[in-house]
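Let's take a walk through this one, a sheet and its neighbours to begin with, then a pair of helices. Have the structure open as you read.

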Amino acid sequence: MPRVEDALPPSAVGFTGREEELASLLAALAPAGAGRAAVPVLAVAGLGGVGKTALAVRAAHVARERGWFPGGALFVDCHGYDETPAGPEQLLEALLRALGVAAAHVPGTLDERAGLYRSVLAERGRTSGPVLVVVDNASHPGQVRPLLPGHTAHRVLVTSRDTMPQLGAHLFRLDVLRPEAARDVLHRALHTAGPGDRRVADDPDATGRLCELCGRLPLALQIAAALLVADPGKPVAELVSELVGSTTLLDHLDDGERGVRAAFDLSYRRLDPRAARLFRLLALAPGSETSDEAITVLSGARAGDEAGAGDEAGAGDDAGAGDEAGAGDEAGDEAGAGDGSRLTSESGPEPAAGAVPRRELNVLVHAHLVAPGSVRGCWTLHDLVRAYALDQVCRQESLREEGRRARARLLAHYQRRAEAADWFLQARAGRAPTSGFGGHEDALRWLDRERTGLVSAALRAADPAHARDGLELALRLHGYLNWRRYFDDAVTVFRCAARTADALRDGLSAGKAWNRLGLALRNNRRIEEAVAAHTRACEIHRTRGDRLEEGLSWDMLGIALTEARAYDEALAAHDRARELVRACGEPQAEASAWNNLGRTLFLLGRFDESIVALSRARDMFHAVGDRLRETTATNNLGRSFRETGRLEEALAAHTAARAVFEELGTRERLATAWNDSGTALAALGRYGEAVDAHLTAVREYEDLRDRHRQAQADNDLGITLRRAGRHAEARDAHVEALRLFRELADPHGERETLELLGAVERGERLGTAEHR
């Protein structure tokens, strides 16, 4: 009969990556000290394969080595997730026999066995000292509760895939490994098998990719290591290629003895049908995190007050601002006469009103199949768990159809809500849609919370089954992605949308998508690509015979051409845009064309003409109630006033613009107005105020991570500092601008900055012409 002191299984070979977790667990296992009472039950909970047993066994060995449990250590496996879990009677019999009780003396009933177990442990505690009982792989409190000792000196350490709050245990939630720890697991496993094996160290990029493919899950990493050990000549990159090319990653992560799929099967089989359904549907959710609202819709219940088709107010959903010259040049938005995108009806029957399926969600959370997300009310699945759930969906046609309906529900819901949110974001005139949003900030909060889901759902446009719905959602995200400056997301979303619209032969949507892609590219300083995208949109709408959309596209192309410093071509584009949209009777779109024309005239030094165009734009925007773009035109007008010597009027225009931009929360335009105020103040000789205004703009652009406008503002700051005679500070500002332009690979900006640095070095003062 084995003695209780010898009952622990061996510690895992090469145990690593859990130093912090081990220290925390040992601190809780340590004997009670002054002012600290012992916690009788500790529980390590987490996803299958996350390394709970390895951590518990390691902690138990260390605790024994430190002499904390002189009475010994017991270990019992509950087989809680097997088809036939061990019952408490079986577990108590195993523990009693490990404690030295002969089989003939083990009672027959559960209560009798539990009583004898507590008595034997109490005697052991008096004669030998505390005992540590490790209860591994428990699935239900009923398995563990009869195993709790009566004597307070003893401790119980439980591992489980489920959180079991009924036990009142000190809970340790075990997560996947950190990236460096995951690499160390692979390295140690290969080094243990062959001390000279340097495959992990020699290819850090492939190793990092392998760790991510394994989701940094210890079980998956150990299997990957075993596959490499079994084939000593296989490079890490080759295994990565095999896993990436595998249609079923889970099946590939199997070394013949252990498999990730098998580990997840144990948890999935325990779910009741409703929890299993929610688990599968969650895997279909777009994005890395899923909100309560999205879960409600996926599961077939409607969340909150949903918007209907919404109201198109004013001249369109993308009314453009064209914009400004110099530092903080606002890239301009699409000018439009309404989105024109079709709203599709939701696939399948309209879901009944309901709430988040909280019971089923709690089951999944307690089973560690679903984890809390980065904010309250959002949830996430481990990548391999998601792959497992998606595989379950693919196995049956009925589940595939259920998934298609759920995805269609969520896409339709996102379309309605995104359209309504955009109404508030664009500050349109007229009656607000019945969206359930309380206003601009409420709509923006919803967009921020659902951002990853919205973007991922829009990319479903690449899936023929959801092409139309994904395309329409993508088109509705334009205002938000531009507002929050998520330009990388915008490039991805609208490139996908453009390709989808082309494939669907939907000319209207294709033209819109190409224009929005052009804007995103321009904001990413990919100017030549932006010109090409807008040119494509112009051709699409010309072929369609849609004069309004063609006019809007010419206006967008003109902005891109201005950015490319092709000013004469830009003037022609804006003139063409103005003619087309005026003929269509769209004053807001015409105002945008005047604004953009005025900006180009300013850059050409034709300031009087610029004032005429910008005044016309300002008045037309005012007439249609577009306060944001009226203010943008006002700020642009202030620049032209400055260059014609109307300095007080210029400063008044920039000051008024700052107030409105701050009220509306448009940070990049507010930064632009601050920078322009600085230039106007410097022209008035108010250098101290001017420097403060420029610095405000620089800080704002830095916070917005807009390096191009930050560089321009740094140069304007340097100009003002030099005019004030502060040459050393001016040099520093230009050096910072030079660094940014070089990072951006902007040769024009670099050349201009080098010229300004040269002027500082020569100690020259700027004249009016050079200041321009």
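## Strand 3 and its partners

Strand 3 and strand 4 run parallel to each other, joined by five bridges. If you want a spot to look at, try Ala138: its bridge partner in strand 4 is Ser160. Keep in mind that this is a predicted model.

Strand 2 also pairs with strand 3, again in the parallel sense, and here there are six bridges. Ala73 is matched with Leu132 of strand 3 in this pairing. How many residues of strand 3 are buried? Eight of the eight, so the strand is largely enclosed by the rest of the structure.

## The whole sheet

Zoom out a bit and you get an open sheet of five strands, ordered 2-3-4-1-5, with parallel pairing. Which strands sit at the edges? They are strand 2 (72–77) and strand 5 (170–174), each of which pairs on one side only. Going from one strand to the next, the twist averages 15°.

Over at the strand 5 end, strand 1 (residues 41–46) runs parallel to strand 5, and five bridges hold the pairing. One pair to pick out is Ala45 with its bridge partner Arg173 in strand 5.

## Helices on the sheet

Helix 1 (residues 19–29) packs on the sheet, where it touches strand 1, strand 3 (131–138), strand 4 (155–160) and strand 5. The direction of helix 1 makes about 170° with that of strand 5.

Helix 2 (residues 52–65) packs on the sheet too, and its contacts take in strand 1, strand 2, strand 3, strand 4 and strand 5. Here the angle is given against strand 4: the direction of helix 2 makes about 160° with it.

## A helix pair further along

Now jump ahead to helix 29 (residues 627–643) and helix 31 (residues 667–683). Their axes come within 10 Å and cross at roughly 20°. That angle is under 35 degrees, which means helix 29 counts as roughly parallel to helix 31. The crossing of these two helices is left-handed.

Who makes the contact? From helix 29 it's Leu628, Thr632, Asn635, Arg639 and Arg642. Helix 31 brings Arg669, Thr672, Ala673, Asp676, Thr679 and Ala680. Sorted by class, the contact between helix 29 and helix 31 has three nonpolar, four polar and four charged residues.

Technical notes
Residues numbered from 1 in each chain as written. Predicted model: local features only at pLDDT ≥ 70, side-chain atom pairs only at ≥ 80, totals over all residues. Heavy atoms only, no water. Axes fitted to C-alpha atoms, helices over the stretch in contact; angles between N-to-C directions. Helix = DSSP H or I, 4+ residues; strand = E, 2+ residues; numbered from the N terminus. Parallel < 35°, antiparallel > 145°, perpendicular 65-115°, else oblique. Left-handed = near helix turned anticlockwise from the far one by under 90°. Contact = heavy atoms within 4.5 Å. Nonpolar A, V, L, I, M, F, W, Y, C, P; charged D, E, K, R; others polar. Pairing = 2+ DSSP bridges. Buried < 20%, exposed > 50% of the residue type's maximum accessible area, 1.4 Å probe, protein only.
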